Amino acid sequence: MTAHAPILLEAIDVEKCYGKFAALGGVNLRVRANTVHSVIGPNGAGKTTLFHMLTGTKAVSGGRIVFDGQEVTHEPDYRRVRRGMARSFQVTSLFLSLPVRENLRLAAQGVTPRQALNPWHEPVGPRALSQVVDSVLAKVGLERMAGTPAGNLSHGQQRRLEVGMALAARPKAIFLDEPTSGMGIDDLEDMKQLIKGLRDQHTVVLIEHNMNIVMDISDTVTVMQLGRVLAEGKPNEIRGDDRVRAAYLGNMITGGKG
Ligand SMILES: Nc1ncnc2c1ncn2[C@@H]1O[C@H](COP(=O)(O)OP(=O)(O)O)[C@@H](O)[C@H]1O
Ligand SMILES: [Mg+2]
């Protein structure tokens, strides 16, 4: 079913140079709607750089990006946010002294520390707003912590709240860059289930080092190496791909850290 879903996001020959160094050497990517599309690869492969290109936080050196049928290649990030892209930032996106619920309410209104200067969202009525906040609280499993200051949450809860901050903007596509980094084993399972459940209402583009999670929840996996796409396919195809094994020297695929 998902194999024939419309393409929501497309990168065409995207390049990024830092001086003479090509961090991305012409990347092509097609992300289908309502899928979990993972981007994996050894450290330095260009995964985060690709996210910067897709979400507009940095300018491309070449190539094109099409989102939801619109050319967005040269649009600034806040315009892309308005079109329905949302990125999960790290702890910097939380107001640590404010309760969880207030954090989500501000995010739903388009106010986060990163985006405070970019008023991109239409005003939302208080009723609709609290509905959005309640539904996000449930999705990220933080209902019981709604009144707790974000700074008092556990690491795993903070990481889930970060995802919630992105969800509060009601995005079409959500970009998650290593959402499980630094997590203990209990928190991993919660995050995995959370991401898996997003596919019903969103499209997920995921950078993730934990291969168990990638193989379990991805519809499509793109493997990057040295700024290029090395392989792409379903989890099973990627697991059995000799080039991918070679790229990792059997390391990540067997569950070790990349
Ligand atoms: N601002 C920058 N200036 C110079 N080189 C950079 C910059 N950002 C990233 N790079 C380089 O680009 C390559 C890809 O980095 P990155 O996208 O962060 O990789 P990944 O997320 O896959 O680990 C690395 O070699 C990195 O050192
Ligand atoms: Mg990275």
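**Exercise 1.** Are helices α5 and α6 roughly parallel or roughly antiparallel to each other?

*Solution.* The structure is a predicted model, and the work begins with the two helices themselves. Helix α5 covers residues 155-167 and helix α6 covers residues 185-198, and their axes come within 10 Å of each other while crossing at roughly 15°. The next step is to place this angle in a class: angles under 35 degrees count as roughly parallel, and therefore α5 and α6 are roughly parallel to each other. To complete the description of this pair, the crossing of α5 and α6 is right-handed.

**Exercise 2.** Determine how helices α3 and α4 are oriented to each other, and give the handedness of their crossing.

*Solution.* Helix α3 is made of residues 100-108 and helix α4 of residues 126-139; their axes come within 9 Å and cross at roughly 125°. The range from 65 to 115 degrees counts as roughly perpendicular, and roughly antiparallel applies over 145. The angle of roughly 125° is in neither class, so α3 and α4 are oblique to each other. As for handedness, α3 passes α4 in a right-handed crossing.

**Exercise 3.** Describe the setting of strand β3, beginning with burial and then turning to its pairing with β8 and β9.

*Solution.* Strand β3 consists of residues 36-40, and five of its five residues are buried, so the strand is largely enclosed by the rest of the structure. Separating the two faces gives the detail: Val36, Ser38 and Ile40 are buried on one side, and His37 and Val39 are buried on the other, which leaves both faces covered.

The pairing can then be taken one partner at a time. Four bridges join β3 to strand β8, residues 203-207, and these two strands run parallel; within this pair, Val39 stands opposite Ile207 of β8. Four bridges also join β3 to strand β9, residues 220-225, again in parallel, and here Ser38 has Val221 as its bridge partner.

**Exercise 4.** Which residues surround ligand 1, and which element provides the largest share of them?

*Solution.* The shell consists of Tyr18, Phe21, Ala23, Gly41, Asn43, Gly44, Ala45, Gly46, Lys47, Thr48 and Thr49. The elements that contribute two or more residues to this shell are β2 and α1, the latter spanning residues 47-55. The largest share, three residues, comes from α1. Sorted by class, the shell around ligand 1 has four nonpolar residues, six polar residues and one charged residue.

**Exercise 5.** Locate Asp13 and Asn34, and compare their phi values with the general expectation.

*Solution.* Most residues other than glycine have a negative phi. Asp13 has a positive phi, near 50°, and lies in strand β1, residues 7-18; because 13 C-beta neighbours are found inside 10 Å, Asp13 counts as partly exposed. Asn34 also has a positive phi, near 55°, but its place is in the loop between β2, residues 21-32, and β3. With 18 other C-beta atoms within 10 Å, Asn34 is partly exposed.

**Exercise 6.** Is His4 buried or exposed, and how far is its C-alpha atom from that of Arg32?

*Solution.* His4 lies in the segment before β1. A residue counts as exposed with 12 or fewer other C-beta atoms within 10 Å; His4 has 6 such neighbours and is therefore exposed. The C-alpha atoms of His4 and Arg32 are separated by 7.9 Å, although these residues are 28 residues apart along the chain.

How values were computed
Residues are numbered from 1 along each chain as its sequence is written. Chains are lettered from A and ligands numbered from 1 in the order in which they are written. This is a predicted model: local features need pLDDT of at least 70, side-chain atom pairs count only at pLDDT 80 or more; totals for chains, interfaces and linings use all residues. A residue is buried if 20 or more other C-beta atoms lie within 10 Å of its own, exposed if 12 or fewer, and partly exposed in between; C-beta atoms are placed from the backbone. Two strands pair if DSSP finds at least two bridges between them. A residue is near a molecule or strand if its C-beta atom, placed from the backbone, lies within 6 Å of it. Ala, Val, Leu, Ile, Met, Phe, Trp, Tyr, Cys and Pro count as nonpolar, Asp, Glu, Lys and Arg as charged, and the others, Gly among them, as polar. Axes are lines fitted to C-alpha atoms, for helices over the stretch in contact, and angles run from 0 to 180 degrees between N-to-C directions. A crossing is left-handed if the near helix is turned anticlockwise from the far one by less than a right angle, and right-handed if clockwise.
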